[in-house]
Structures are given as structure tokens and as C-alpha cells.
Amino acid sequence: MLSQPSVPLSTTPASTAPAPAPVAARDWRRVYANRLALTDALVLVWVVFGTQLVWFDFDQETTSVDFDVARVIVNYTVISLVLISAWMIVLRVFGTREARIVGSGNTEYKLIADASIRLFGLVAIVAFLFKLDLARGYFLLAFPVGILVLLLSRWMWRQWLSVQRARGNYSSRVLLVGSADSAEHIAAELGRSTDSGYRVVGACVPTGKVGGTLGSTTIPVSGTVDTVLQALEATGADTVIITSSDELTPVRVRQLSWSLEPGRQHLIVAPSLTDIGGPRIHTRPVAGLPLIHVETPRYEGRKRFSKRFFDILGSGAILLVASPILLIVALLVKFTSPGPVLYRQERVGLNGEPFNMLKFRSMRVNADAELAALLAQQGRSDRPLFKVQNDPRLTRVGATLRKFSLDEFPQLINVFRGDMSLVGPRPQREGEVALYDSAAKRRLIVQPGMTGLWQVSGRSALSWEDAIRLDLYYVENWSLMGDVVILWRTIRAVVAPGKEAH
């Protein structure tokens with residue numbers, strides 16, 4: 001048997017590091033998973049037995065199972081109990097309560113749907129093989145309702161978990177290990193999304209001195225890359241994230257992984273990749289190397305056709321349903337201020353091609369002539385995101401139209417005729433595009449959209465840097481399902497606009 005090698009990462013003391021955080025009596029991962037399991041069980045009992053009660057009364061319906069030598073009568077209450085037990089098992093087997101997927105992303109929801117659909121298929125196969133004469137309506141009602149209620153309960157738990165994680169609870173306590181620059185970068189990225197469940201409590205950098213802070217952050221430096229184990233103990237961290245590998249050789253990383261306590265302490269290696277969507281990443285072990293394959297984004301063929309079809313169908317349907325609202329808004333614009341109802345402005349679209357974007361007029365006539373002076377007055381003339389605070393050019397109804405994005409509805413016509421898409425980077429003016437750097441120009445390789453990722457992530461409250469980062473993330477990781485999610489978030493933002501909407 002091989003003995004565990006000594007680990008040089010723990011030889012230097014770190015006695016001046018912060019005092020360890022109190023260790024919880026029970027791991028939050030297990031506590032949260034148990035709560036999810038209890039809720040799942042209650043949901044399934046309510047749905048399955050509720051379906052049985054709706055479809056037929058208890059103890060009044062039975063079915064038969066034909067074997068070669070006998071015919072067995074089975075009560076539906078027994079079938080319901082078996083179905084609930086099997087459903088709970090597949091949810092556990094598919095890992096729907098694992099800490100690595102709960103709280104953020106769509107993986108949790110996808111696994112629940114996948115597990116449930118596979119169970120439904122298994123039940124159908126068993127019923128066919130054993131000639132089980134089951135009421136089809138009972139299963140056709142129980143499974144879709146069960147999936148929907150399970151997803152709803154998980155969504156409700158996620159809202160609670162988001163609040164807890166914003167307070168620093170129910171999160172992995174992270175110790176960053178690597179160069180100061182890479183550690184600061186990863187800390188900033190993790191800080192953008194508290195929903196992910198990673199709370200940075202310390203950092204070990206090559207030239208780190210205990211008692212200092214990491215760059216411009218308030219994260220304490222807990223030691224060097226040679227004192228990782230002591231820093232773990234001192235900070236109470238349960239997760240080590242290696243942010244760069246130059247300071248740690250493969251041998252030292254392997255020794256560090258062997259030194260962590262299984263089940264309680266975790267090791268994560270963060271590659272030098274950011275803003276890359278999960279579907280583009282594929283891990284393939286080759287000769288002991290965990291190679292990460294990153295697909296290059298492509299916008300042609302089936303993907304482009306599906307997006308265009310979705311735009312035509314969606315914009316046409318919304319125009320048809322919302323036509324009474326559009327008529328009312330047009331009349332309000334017409335009778336509250338002099339000038340045309342529609343406002344046409346040249347914007348830069350796909351591949352830098354200009355087009356005329358339509359909006360309901362929300363400003364007085366010739367408002368564009370006043371823009372340069374207002375931007376200069378507010379010190380924003382050198383930023384590509386031209387936004388005027390407390391704009392004096394708005395008409396009486398203009399502020400309301402903008403707050404609820406009602407002025408944007410005529411752009412559905414742009415979408416229908418192909419100038420724009422329902423979802424994409426916001427089209428900007430030629431003067432704004434002239435300020436683009438090489439990274440920002442990648443916004444132009446897809447069609448501009450009525451709404452986009454940055455509009456549902458802060459709207460006017462975002463800086464240009466954050467807006468471009470979100471737009472580039474969309475460009476690099478576009479998917480039709482992603483468009484659906486953004487549209488849903490847009491509806492929520494329009495119905496209940498926050499203070500950042502203006």
C-alpha cells in the first residue's frame with residue numbers, strides 16, 4: 001500500500017491569520033439536500049394521491065397484472081406508493097439535490113425534468129411487458145403536473161437560498177490560491193454572482209504577507225502558496241480554488257488534493273476562461289490530462305434559421321395580441337405633445353449595416369440636437385453608452401413610456417422585417433460605435449435585439465464595462481433557450497420596473 005506523501009504546502013506557520021470561523025454542527029449541503037428531499041416527497045404525495053383522488057376514489061379502483069401462471073389484482077393506492085418511491089429514487093440517482101448544481105443555472109431544473117421523463121418511459125415499458133392495465137389518464141395527468149410542481153417548489157427554494165447566500169449563509173467558504181492578479185480576478189467574478197454559493201474568505205498568493213489584503217479588495221491574505229493547509233484551518237474554508245498554475249506544479253497540486261479531507265474539503269481548478277457558457281465547454285481526459293475543449297461560436301445554418309423563425313413567430317404574435325395597447329399608446333403620444341407619433345433613428349445593426357429603428361416618440365421634436373450639450377454637461381460624452389440622467393427632453397408621457405418600455409414596441413416591426421431580433425445586443429448609434437474597442441465590435445456579429453442580457457441585469461444602472469461584458473457573454477454563448485429565459489426576465493422587468501429603469 002502506498003503511503004500518503006508529505007506535503008510541503010504546510011510547513012510555514014500562519015499564526016497571524018484570522019481566527020477560524022466556527023464550524024457548523026451540520027454541513028449546509030446535507031441540511032439543504034434533506035430539506036429538498038422532504039419538500040420533493042410532500043410534492044409527490046400531494047400530486048400523485050391528488051391525481052388518484054381526482055381520477056377515481058381511493059380503494060375503489062384496481063388493476064390486474066397478467067403472469068404466465070396467475071392474474072394478480074393490484075390496488076391503485078399501492079401503485080401510487082410505488083410511483084412516489086420510484087420518483088424519489090430517480091431524483092436522488094440523477095443528483096438533483098447535489099450542492100454543485102443547486103442555487104444557480106438551469107442544470108437543476110433540467111435534471112428534474114430528465115429524471116421524471118425517464119421514469120415515465122420506464123413505467124410505460126414495465127406496463128407493456130407485464131401487461132399492466134393502467135388508467136392512461138392517471139399517468140398522463142400525474143407526470144406533467146408532478147414535474148411542474150417539483151420545478152415550482154425548487155424555484156421557491158432557490159429564491160430563499162439566494163437571500164441566504166446574499167447574507168453569506170449556505171455558501172462554500174473559498175480560499176483562493178495562485179497569483180495575486182488571477183486571484184483578484186476570480187474573486188471579482190465570484191462576487192458578481194452570490195447565487196453561485198462561493199464566498200471568498202481568504203487568499204494565498206506567492207508574495208502574500210499575512211494581515212494584508214488582496215489587491216483592491218477587502219479579502220485578507222492568509223499566507224503564501226506554501227501555507228495552504230494552515231490557511232484552510234485558520235480561515236475555516238472548505239473549498240480551495242486554484243486560480244493559476246504557474247506557482248503550483250502538477251505534483252504540488254496533486255499532493256494538495258491528497259491532503260484535503262474527503263467529503264468536507266473540496267478542490268476546484270479555475271481555468272483562465274471567463275464568460276464561457278456551459279454548452280460550449282467539454283472536458284476530455286487524455287493521458288491523465290483534463291483537457292478542456294471550448295467550441296468556437298458559430299452563427300449559421302440551423303442556428304440562424306431557428307433564431308429567425310423564432311423572431312418572425314414571436315414578433316408577429318406579439319404585434320397581433322398587443323395591437324390595442326399600441327393604438328392607445330399612439331393616441332397618447334399624438335395628443336400630449338406636438339410632433340409625429342413614431343420616432344425613427346439610424347442605428348448600427350448586423351455587421352455594421354445601418355438601419356432605421358422605430359420607437360414611439362417620448363421626447364420633444366429635435367431632441368437629438370440637444371444631446372451633445374447634455375452629455376458634455378453630465379461628463380458622459382466619452383462613453384459609448386449614451387444615457388442622460390433626468391432627461392429634460394422627455395414629454396409628459398415620455399417618462400412613463402420609457403419606464404415600462406412601451407416606447408420600444410414599434411421595434412417589433414423591425415424584428416418582423418429582419419432588421420433586428422427579439423433578443424440581442426442593444427443597437428447603438430454610429431457615434432457610439434465609433435468609440436468601440438476591438439472587443440466591443442464583436443457585438444456586431446449578431447443581430448441587435450429589442451432586449452438583451454444587460455437590459456434584464458440592471459438596465460441604465462449598469463456601467464459601460466458591465467454592459468459590454470454581458471453583451472459579449474450573450475454573443476459568445478447564444479442559445480434559443482437562453483433567448484426564452486431573457487424574454488421571460490424582460491416581461492418581469494417591464495411589469496415591475498425598478499429604480500434603474502429610466
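The following legends describe close-up views of a predicted model.

**View 1. Aromatic pair Phe139 and Phe143 in helix α4.** Ten aromatic pairs are counted in the model. In one of them, the ring centres of Phe139 and Phe143 are 6.2 Å apart and the planes meet at 25 degrees, so the pair is classed as stacked. Both residues belong to helix α4, which comprises residues 136-166. They are four residues apart, about one turn of the helix. Phe139 and Phe143 are both buried.

**View 2. Aromatic pair Trp157 and Trp160, with the cluster around it.** The ring centres of Trp157 and Trp160 lie 5.4 Å apart with the planes at 90 degrees, and the pair is therefore edge-to-face. Trp157 and Trp160 are three residues apart in helix α4, a separation of about one helical turn. Trp157 has a relative accessible area of 18% and is buried, while Trp160, at 29%, is partly exposed. Both tryptophans are members of one aromatic cluster, which also includes Trp28, Tyr32 and Tyr170.

**View 3. Salt bridge between Asp40 and Arg154.** The model contains 15 salt bridges. In the bridge shown here, the closest N and O atoms of Asp40 and Arg154 are 2.7 Å apart. Asp40 is in helix α1 (residues 28-55) and Arg154 is in helix α4, so the bridge ties together parts of the chain that are 114 residues apart in sequence. Asp40 and Arg154 are both buried.

**View 4. Salt bridge between Asp226 and Arg252.** The side chains of Asp226 and Arg252 meet with an N to O distance of 2.3 Å. Asp226 is placed in the loop between β5 (221-223) and α6 (228-235), and Arg252 in helix α7 (residues 250-259), so the pair ties together parts that are 26 residues apart in sequence. Asp226 is partly exposed, with 32% relative accessibility. Arg252 has a value of 19% and counts as buried, because the limit for that class is under 20%.

**View 5. Salt bridge between Arg264 and Glu261, and a salt-bridge network.** Arg264 forms a salt bridge with Glu261, and their closest N and O atoms are separated by 2.9 Å. Both partners are partly exposed: Arg264 has a relative accessible area of 38%, and Glu261 has one of 39%. In a separate panel, Asp40, Arg97, Glu108, Arg154 and Arg158 are joined into one network by salt bridges that share partners.

**View 6. Nonpolar surface patch including Leu122.** The patch has an area of about 630 Å² and is made by Leu122, Ile125, Val126, Phe128, Leu129 and Phe130. Leu122 is located in helix α3, which spans residues 107-129. With a relative accessible area of 49%, Leu122 is partly exposed; this value does not reach the exposed class, because that class requires over 50%.

**View 7. Surroundings of Leu480 in helix α14.** Helix α14 covers residues 480-495 and contains Leu480. Leu480 is partly exposed, at 33% relative accessible area. When residues up to four places away in sequence are not counted, Leu480 touches Ser306 and Phe310. Leu480 and Ser306 are 174 residues apart along the chain, and their C-alpha atoms are separated by 7.8 Å.

How values were computed
Residues numbered from 1 in each chain as written. Predicted model: local features only at pLDDT ≥ 70, side-chain atom pairs only at ≥ 80, totals over all residues. Heavy atoms only, no water. Patch = residues over 30% accessible without salt bridge, like charges linked within 9 Å, V, L, I, M, F, W, Y side chains within 5 Å. Areas by Shrake-Rupley, 256 points an atom, 1.4 Å probe, with all protein chains shown as cover. Salt bridge = Lys/Arg side-chain N within 4 Å of Asp/Glu carboxyl O. Helix = DSSP H or I, 4+ residues; strand = E, 2+ residues; numbered from the N terminus. Buried < 20%, exposed > 50% of the residue type's maximum accessible area, 1.4 Å probe, protein only. Phe/Tyr/Trp six-rings, centres within 6.5 Å; stacked < 30°, edge-to-face > 60°. Contact = heavy atoms within 4.5 Å.
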